[in-house]
Amino acid sequence: MNGEKQGLGPGYLTLENGEVFAGTLYGAPLTGYGEVVFHTGMTGYQEVMTDPSFAGQIVTFTYPLIGNYGINDKDYEAAKPALSGMVVSELCLAPSHYLSRRTLAEAAEAFGFPILAGIDTRTITKRVRQSGPLFGAIADRPLSVEEVAALGSAHRKKSLVADVSSRHIQRYPGNQEHVVLVDLGMKQSILESLLELGCRVTVVPFDTPFSQIQALQPDGLLFSNGPGDPADLLAYCGEWRKAAELYPTLGICLGHQVLALMFGAKTEKLAYGHRGSNHPVKELATGKVYMTSQNHGYVVKEETLDKRLLTVTYRNVNDRSVEGLCHTSLPIMSVQFHPEAHPGPNDTSHVFHQFLQSMRVVGAKRYA
């Protein structure tokens with residue numbers, strides 16, 4: 001039952017360079033266009049499927065067998081997926097796990113995105129690593145280069161964040177500090193990490209003005225992960241900086257990048273991004289190396305940082321890119337990796353405890 005003999009029929013991934021990969025189509029019979037990226041985790045396909053940071057992307061899994069433990073009711077990172085499609089080597093159609101409620105193929109059909117199985121994912125990964133950012137489309141027939149380009153024009157938009165951010169304010173009770181979570185495409189696990197610490201959390205849309213954030217009287221501010229180019233959000237950075245300078249602030253992934261932009265730094269696109277569950281990151285203050293979960297295609301350009309304002313706190317061991325920042329005088333910190341993990345190790349969960357402590361220190365001074 002693990003083969004690719006069942007399905008909707010033949011399917012094809014056509015890259016923008018004209019290269020075509022043939023396999024079997026599962027899920028929804030829709031044409032999926034997006035940036036072709038690869039994820040190196042051995043597990044966590046359900047979290048990847050529902051991570052809003054993958055909005056507009058076709059995710060290629062480097063691990064050869066995907067879907068073997070099915071889809072459960074617990075591990076969703078959002079109510080519905082935002083990705084454009086999945087590419088896998090072997091798709092398991094008979095999963096085995098006591099929590100499994102349906103197969104990955106059934107979930108893809110229900111949520112409305114295609115899966116292309118029976119593909120040489122190693123070759124696709126090599127193409128992305130060699131060519132840099134590469135776009136393509138999954139369809140039931142091979143497409144021409146012109147058709148792929150036309151799909152790209154139709155899908156082009158200024159920012160993907162508006163599609164995945166909360167539409168309304170959401171409130172979650174707690175008996176500890178009050179955190180306003182600015183939703184740029186938030187993973188549910190970030191919210192759950194704060195709630196587990198006892199925090200009261202108010203999730204607000206990404207375009208919530210400073211005056212409205214201030215009216216909520218938070219003890220701290222968190223900017224979440226999310227999809228797309230951080231530079232597309234420059235128009236909001238002025239309002240966000242007002243809030244960040246007033247409250248203890250934590251940025252995660254895209255939140256880390258926009259915090260850098262708020263204070264005058266710039267970002268750039270990586271050749272093929274960091275997407276997986278085993279990326280080594282060094283904490284500069286202690287020399288400790290942590291294994292981290294990551295999902296991003298952009299990075300803060302270190303040479304553009306104003307060292308009078310921001311200091312690098314974490315660095316990627318593999319390519320030495322900036323993985324964390326802190327403000328030199330304000331309780332503001334950020335990390336490029338995901339301290340909430342899911343999927344991946346929770347080695348860096350202490351980041352949430354540091355954020356909680358910063359809120360308590362500021363609160364103690366405020367009411368002293």
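How do the residues of the lining of the largest cavity divide into nonpolar, polar and charged? In this predicted model, the answer is three nonpolar, five polar and three charged.

**Enclosed spaces**

Let us stay with that cavity for a moment. It holds about 70 Å³ of space, and a search of the whole structure finds three cavities of 30 Å³ or more. Its walls are formed by H39, E47, V48, D51, F54, K187, S293, Q294, N295, H342 and P343. Helix α1 (45-50) and strand β16 each supply at least two of these residues, with β16 giving the largest share, three residues.

The second largest cavity has about 50 Å³ of space. Around this cavity sit E35, V36, V37, V128, P133, K269, L270, A271, Y272, G273, R275 and G297. Here β3 (32-39) and β15 (267-283) are the elements that give two or more residues, and β15 gives the most, with six. By class, the lining of the second largest cavity has seven nonpolar, two polar and three charged residues.

**An open pocket**

Turning to open space, the second largest pocket contains about 250 Å³. It is lined by 15 residues, and S193, E196, E340, H342 and S349 are the closest to its centre. H342 also appears in the lining of the largest cavity. Two elements, α6 (188-196) and α10 (350-366), give two or more residues to the pocket lining, and α6 gives the most, with four. The classes in this lining are five nonpolar, seven polar and three charged residues.

**The nonpolar core and helix α9**

In soluble globular proteins, nonpolar side chains tend to be buried together. The largest nonpolar core in this model has 31 residues, and V182, L184, W240 and M262 have the most contacts inside it. Elements giving two or more residues to the core include β11 (178-183), α7 (210-215), β13 (220-223) and α8 (234-244). The largest share, six residues, comes from α9.

M262 is in contact with F223, C237, W240, R241 and A244, leaving aside its neighbours within four places in sequence. Helix α9 (residues 254-262) also carries Q257. Is Q257 buried or exposed? With a relative accessible area of 3%, Q257 is under the 20% limit and therefore counts as buried. Leaving aside neighbours within four places in sequence, Q257 is in contact with P230, T267, H296, Y298, V299, V300 and Q336.

**Salt bridges**

Side chains of opposite charge can pair when their charged atoms come close. The structure holds ten salt bridges, and the table shows some of them.

| Salt bridge | N to O distance |
|---|---|
| D73 and R101 | 3.6 Å |
| R141 and E147 | 2.7 Å |
| E302 and R315 | 2.8 Å |

The side chains of D73 and R101 meet in a salt bridge. This pair links distant parts of the chain, 28 residues apart: D73 is in the loop between β5 (65-66) and β6 (85-87), while R101 is in the loop between β7 (90-91) and α2 (104-111). Both D73 and R101 are exposed.

R141 is partly exposed at 40% relative accessibility, and E147 is partly exposed at 29%.

E302 and R315 also meet in a salt bridge. Their pairing spans 13 residues, from the loop between β16 (289-300) and β17 (310-316), where E302 lies, to R315 in strand β17. E302 is partly exposed, with a relative accessible area of 25%, whereas R315 is buried at 12%.

Notes
Residues numbered from 1 in each chain as written. Predicted model: local features only at pLDDT ≥ 70, side-chain atom pairs only at ≥ 80, totals over all residues. Heavy atoms only, no water. Buried < 20%, exposed > 50% of the residue type's maximum accessible area, 1.4 Å probe, protein only. Contact = heavy atoms within 4.5 Å. Salt bridge = Lys/Arg side-chain N within 4 Å of Asp/Glu carboxyl O. Core = buried A, V, L, I, M, F, W, Y, C linked by side-chain atoms within 4.5 Å. 1 Å grid on protein atoms, 1.4 Å probe; cavity = no way out; pocket = protein on both sides within 12 Å on 5 of 7 lines; lining within 4 Å. Points joined across faces, edges and corners; volume = space filled by probe spheres on them. Nonpolar A, V, L, I, M, F, W, Y, C, P; charged D, E, K, R; others polar.
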